[in-house]
Amino acid sequence: MTDVTSPAPDAAIRCADLVRIFTADGVEVQALQGLNLRVDSGELVAIVGASGSGKSTLLGILSGLDKPTAGSVSVAGRDLLTLGNRERVDYRRHTVGFVWQQTSRNLLGYLTARENLALAMSVARTGDRDRRAAELLELLEVAHCADRRPTEMSGGEQQRVAIAVALANEPRVLLADEPTGELDEATSAEVLEAMRGVNRELGVTTLIVTHDPTVSEHVARTVQIRDGRTATEVLRRTGVNEHGDEHMVAEEFAVLDRVGRLQLPQEYLTTLGMRDRVRLALEQDHVGVWPHEDRRESDGDDS
């Protein structure tokens, strides 16, 4: 696994020991509990996790809409902890693009697709707007929607236009919050493939936050967040079997932090009955982990 704390000029996103604490009615809730994450420039990564795991909090921080309580975070070389109010506005206008789950937050309903793009480019002061708008709509395969308003588009078309709008400011990083949350399975696949195409063609670093398990079929790296920390990663690559046929190989890794903590997948714990503590053994080339059998309970059962 990559050390997220080491110098990495090619890292588009770097989070180290990220903490976010919310206080409501005198009660503190830790949404992030020392989260570490590195996403290299040009990567397409999915962040998955159950509701309340901290993934939306992470996205809020990366988008510049929220600030962490502790830790460090940088995006495209910009230290988000040191940004003032003006710098934070500039960051959102020029460094990151954002796709929301709700279409109403992505597109203005009284403007056409072309006009939504023109507005976004006007705010970001992007040059050659007509050409860029046409190129983005063509890339997302929604050129036919250029003169349509959102109500005249399908859900999938709306989201692909929304991606085009998020790219209008030529961002270094594209962030997407549940971009397929309101779509059916077939349309979700189309939108995810569109995002993969954008990542491939433009080289923009793309981070998708979702609870949709099918997203893993469209990205090479999936990071799972559990209890405010990165827990496991699944890396996918194309392999070749003994017959010379290509197939997808997926490997799951536990994320190890600087002090040696890791989270075992919940299904492992349940299947093996692991709780409270486990037995460890250092072997020559690996560490063994076994369920701990409480001898006191066993002795009590035998008596």
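Of the 303 residues of the protein chain, 46% count as buried, where buried means under 20% relative accessible area, exposed over 50%, and partly exposed in between (1.4 Å probe, protein chains only). This is a predicted model, in which local features need pLDDT of at least 70 and side-chain atom pairs count only at pLDDT 80 or more, while totals for chains, interfaces and linings use all residues. Residues are numbered from 1 along each chain as its sequence is written, and side-chain values use heavy atoms, with hydrogens and water left out.

**The whole chain**

Display the full chain as a cartoon. Its secondary structure comes to 9 helices and 13 strands; helices (H or I, at least four residues) and strands (E, at least two) are DSSP runs, numbered from the N terminus. Along the principal axes, the C-alpha atoms fill a box of roughly 80 × 60 × 35 Å. Of the contacts (heavy atoms within 4.5 Å) with a separation of 6 or more, 61% are accounted for by residues 24 or more positions apart.

**The four-stranded sheet**

Select strands 1, 2, 4 and 5. They form an open sheet with the order 2-1-4-5 and antiparallel pairing; two strands pair if DSSP finds at least two bridges between them. Strand 2 (27-40) and strand 5 (78-79) stand at the edges with a single partner strand each, so one side of each is left without a neighbour in the sheet. Next, select strand 1 (residues 11-24) with strand 4 (residues 70-75), an antiparallel pair with 5 bridges. Cys15 has Val73 of strand 4 as its bridge partner.

**Helix 5**

Select residues 129-139, which make up helix 5. Arg132, Ala133, Leu136 and Leu137 are buried in this helix. They lie on the same side of helix 5, because they cover an arc of only 130 degrees around the axis, the arc being that of the directions from the helix axis to the C-beta atoms. An α-helix has 3.6 residues a turn, so residues three or four places apart point the same way. Now colour Asp130 and Glu138, which are exposed on the other side of helix 5. Add helix 4, helix 6 and helix 7 (185-202), which are among the elements covering the buried residues of helix 5. Just after helix 5, Glu141 takes a positive phi of about 60 degrees.

Then centre the view on Leu136, which counts as buried because its relative accessibility is 3%. Apart from neighbours within four places in sequence, its contacts are Leu117, Ala164, Leu167, Ala168 and Leu202. For a distance across the model, pick the C-alpha atoms of Leu136 and Glu217: they are separated by 24 Å, with these positions 81 residues apart along the chain.

**The largest pocket**

Move next to the largest pocket, with a volume of about 640 Å³. Of its 24 lining residues, Arg92, Phe98, Ala120, Val165 and Asn169 are the closest to its centre. On a 1 Å grid over the protein atoms alone, a pocket is an open set of points where a 1.4 Å probe fits, with protein on both sides within 12 Å along at least five of seven lines; lining residues have an atom within 4 Å of a point. Grid points are joined across faces, edges and corners, and the volume is the space filled by probe spheres set on the points. Helix 4 gives the most to the lining, with 5 residues. By class, the lining has 15 nonpolar, 6 polar and 3 charged residues; Ala, Val, Leu, Ile, Met, Phe, Trp, Tyr, Cys and Pro count as nonpolar, Asp, Glu, Lys and Arg as charged, and the others, Gly among them, as polar.
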